[in-house]
Amino acid sequence: MALIAIVHGCREACTLNKQKEQRGIDDFDSGEEPDETQLKKLQRHFSRKDYRRVLLQFFVRELGHEIAFFQTIVQQEQYRHLLVVTTDEWLYSVSLKQWPEYKGIWTVDIYGACLLVDEVLKHLGN
């Protein structure tokens, strides 16, 4: 399955799924919402300076999913927007935020998901 097909087919995939799951990639949840005290604690963790590790740990700890692969879609000054596919066939849109004032640590800002089903994968392959 080509990642570019997922990028271009994301909206169609989630529209098809929305009928079954009553939820689409347009529905976003808050990620981590650290206050100043938490940010000060997080800046002590070396792993927080690597957005990849933050992403992987968030998926395992908070969402209970293992990442199959991910791709950065947009990289801005303090944000990184990614598409993530999990091993159990969920597609996530994730935004990470970097905090320069806290030693450049990363946090998960928002995320949204939809389930990729066989029909959708076939549709994306065309």
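Helices and strands are here DSSP runs, with at least four residues for a helix and at least two for a strand, numbered from the N terminus. By that definition, the chain of this predicted model holds four helices and five strands. Along the sequence these elements follow the pattern α-β-α-α-β-β-β-β-α. The points below move from the chain as a whole to its nonpolar core, its aromatic rings and its charged side chains.

**The chain as a whole**

- The chain has 126 residues, of which 42% are buried.
- Its exposed area is about 7,500 Å², and carbon and sulfur atoms supply 47% of that area.
- Of the contacts between residues at least 6 apart in sequence, 51% join residues that are at least 24 apart.

**The nonpolar core**

- In soluble globular proteins, nonpolar side chains tend to be buried together.
- The largest nonpolar core in this structure comprises 16 residues, and F59, V84, Y92 and V94 have the most contacts inside it.
- Helix α3 and the strands β3 (79–86), β4 and β5 (105–115) each supply at least two residues of this core.
- The largest share, six residues, comes from α3.
- Beyond residues up to four places away in sequence, F59 touches G64, H65, I67, V84, T86, Y92 and V94.
- Three of these partners, V84, Y92 and V94, are named with F59 as the residues with the most contacts inside the core.

**Aromatic rings**

- The whole structure contains six aromatic pairs.
- One of them joins W99 and Y102 in an edge-to-face arrangement, with 6.2 Å between the ring centres and 70 degrees between the planes.
- Both partners are buried: W99 has a relative accessibility of 13%, and Y102 has a relative accessible area of 13%.
- Ring pairs also link F58, F59, Y92 and Y111 into a cluster.
- F59 and Y92 therefore appear both in this ring cluster and among the residues with the most contacts inside the largest nonpolar core, a set made up of buried residues joined through side-chain atoms.

**Charged ends over rings**

- The charged end of R80 sits over the ring of Y51, 3.9 Å from the ring centre.
- The charged end of K97 sits over the ring of W99, at 3.8 Å from its centre.
- K97 belongs to strand β4 (residues 90–99).
- With a relative accessible area of 18%, K97 counts as buried because that value is under 20%.
- Leaving aside neighbours within four places in sequence, K97 is in contact with Q78, Y79, I105, W106, T107 and D109.
- K97 and V108 are 11 residues apart in sequence, and their C-alpha atoms are 6.2 Å apart in space.

**Salt bridges**

- The structure holds three salt bridges.
- E32 and R48 meet through their side chains in one of these, with an N to O distance of 2.7 Å.
- E32 lies in the loop between β1 (28–30) and α2, whereas R48 lies in the loop between α2 and α3, so the pair ties together parts that are 16 residues apart in sequence.
- E32 is partly exposed at 21% relative accessibility, while R48 is buried, with a relative accessible area of 12%.
- The loop that holds R48 runs between α2 (36–42) and α3 (51–63).
- Apart from neighbours within four places in sequence, R48 contacts E32, L42, V54, G104, I105, W106 and T107.
- I105, W106 and T107 are thus in contact with R48 and are also contacts of K97.
- E36 forms a salt bridge with K40, and the closest N and O atoms of this pair are 3.5 Å apart.
- E36 and K40 are separated by about one helical turn, because they are four residues apart in helix α2.
- Both residues are partly exposed, E36 with a relative accessible area of 48% and K40 at 40% relative accessibility.
- D50 forms a salt bridge with R52, with 3.5 Å between the closest N and O atoms.
- D50 is partly exposed, with a relative accessible area of 24%, and R52 is also partly exposed, at 43% relative accessibility.

Terms used: Residues are numbered from 1 along each chain as its sequence is written. This is a predicted model: local features need pLDDT of at least 70, side-chain atom pairs count only at pLDDT 80 or more; totals for chains, interfaces and linings use all residues. Side-chain values use heavy atoms; hydrogens and water are left out. Contact means heavy atoms within 4.5 Å. Buried means under 20% relative accessible area, exposed over 50%, partly exposed in between (1.4 Å probe, protein chains only). Accessible areas come from the Shrake-Rupley method with a 1.4 Å probe; for residues, only the protein chains shown count as cover. A nonpolar core is a set of buried Ala, Val, Leu, Ile, Met, Phe, Trp, Tyr and Cys residues joined through side-chain atoms within 4.5 Å. Rings of Phe, Tyr and Trp (its six-membered ring) pair if their centres lie within 6.5 Å; planes under 30 degrees apart count as stacked, over 60 as edge-to-face and the rest as tilted. A charge sits over a ring if NZ of Lys or CZ of Arg is within 6 Å of the ring centre and within 35 degrees of the ring normal. A salt bridge is a side-chain nitrogen of Lys or Arg within 4 Å of a carboxyl oxygen of Asp or Glu.
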